[in-house]
Amino acid sequence: MNIITTTTADAEIISAIISESNKDVAKEFGLNINNNPKHPSFCNKDWVLSDFNRGEEYFIYKNGEANIGCVAFENPKPSVAYLNRLSVLPQHRHNGVGEKLVNHVIRYAKNKDIHRISIGIIAEHIRLKKWYLKLGFIEGQIKTFPHLPFDVQYMSFSV
C-alpha cells in the first residue's frame, strides 16, 4: 500500500474514485444533479483537469495495483491549504485509508510551511464531523450558501 503523486494523465482514475466514493453521501442527503450539480458524486475527468489547471495537486492511495482512494491539496495563499475531495471507495473504508491520506496531506503541508489546513463538509454529516475531530481538526463556522441544499461546516487543522 502506498500513496502516489498524480498527474493529469490520472484524471480519469481520480474522477472515478471521487464519483463512486461520494454516491452514498449524495443518496444519504438527497443530493442530485438538479439540486447540487457540483457535488463530488457527479465528478468527471474535466472537473479534475480543471483542478489541476488551478494548481491543485492530487494523491492516490494504491493497494497493489488497485486505486482505492484519493485526496486533493490546494494552496491558495501562503501558509493556508485546503484538503479537498478526500475519497475512499466504500468497500475499502474503515481500514485507515482515509486517515493515511489525511496524514499524508498534513506531512506535505508541513514541508511546504503551511500553518493551517481547512476543509468544508456537509454540516449535518455528523459521522464525518466526528471522524475529522478524532484526527485533530477543530470546528469552525457554519455557512449557508443559496446554491447549496445544505449548510457547510468549516473545520481546520493547525500544522
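**Aromatic cluster and nonpolar cores**

Trp 131, Tyr 132, Phe 137 and Phe 157 are linked into a cluster by ring pairs, a pair being rings of Phe, Tyr and Trp (its six-membered ring) with centres within 6.5 Å, stacked if the planes are under 30 degrees apart, edge-to-face if over 60 and tilted for the rest. The model is predicted, and local features need pLDDT of at least 70, side-chain atom pairs count only at pLDDT 80 or more, and totals for chains, interfaces and linings use all residues. Residues are numbered from 1 along each chain, and side-chain values use heavy atoms, without hydrogens and water.

Six aromatic pairs are counted by this rule. Phe 52 and Tyr 58 form a tilted pair, 5.5 Å centre to centre with 50° between the planes. The pair of Tyr 132 and Phe 137 is edge-to-face, because the ring centres are 5.0 Å apart and the planes lie at 70°. Tyr 132 is buried at 4% relative accessibility (buried means under 20% relative accessible area, exposed over 50%, partly exposed in between; 1.4 Å probe, protein chains only). Phe 137 is also buried, at 2%.

The largest nonpolar core (buried Ala, Val, Leu, Ile, Met, Phe, Trp, Tyr and Cys residues joined through side-chain atoms within 4.5 Å) has 24 residues. Leu 83, Val 102, Ile 117, Tyr 132 and Phe 137 have the most contacts inside this core. Its largest share, six residues, comes from α3 (helices, H or I, of at least four residues and strands, E, of at least two are DSSP runs numbered from the N terminus). Another core, of 12 residues, lies apart from it and includes Ala 11 and Cys 43.
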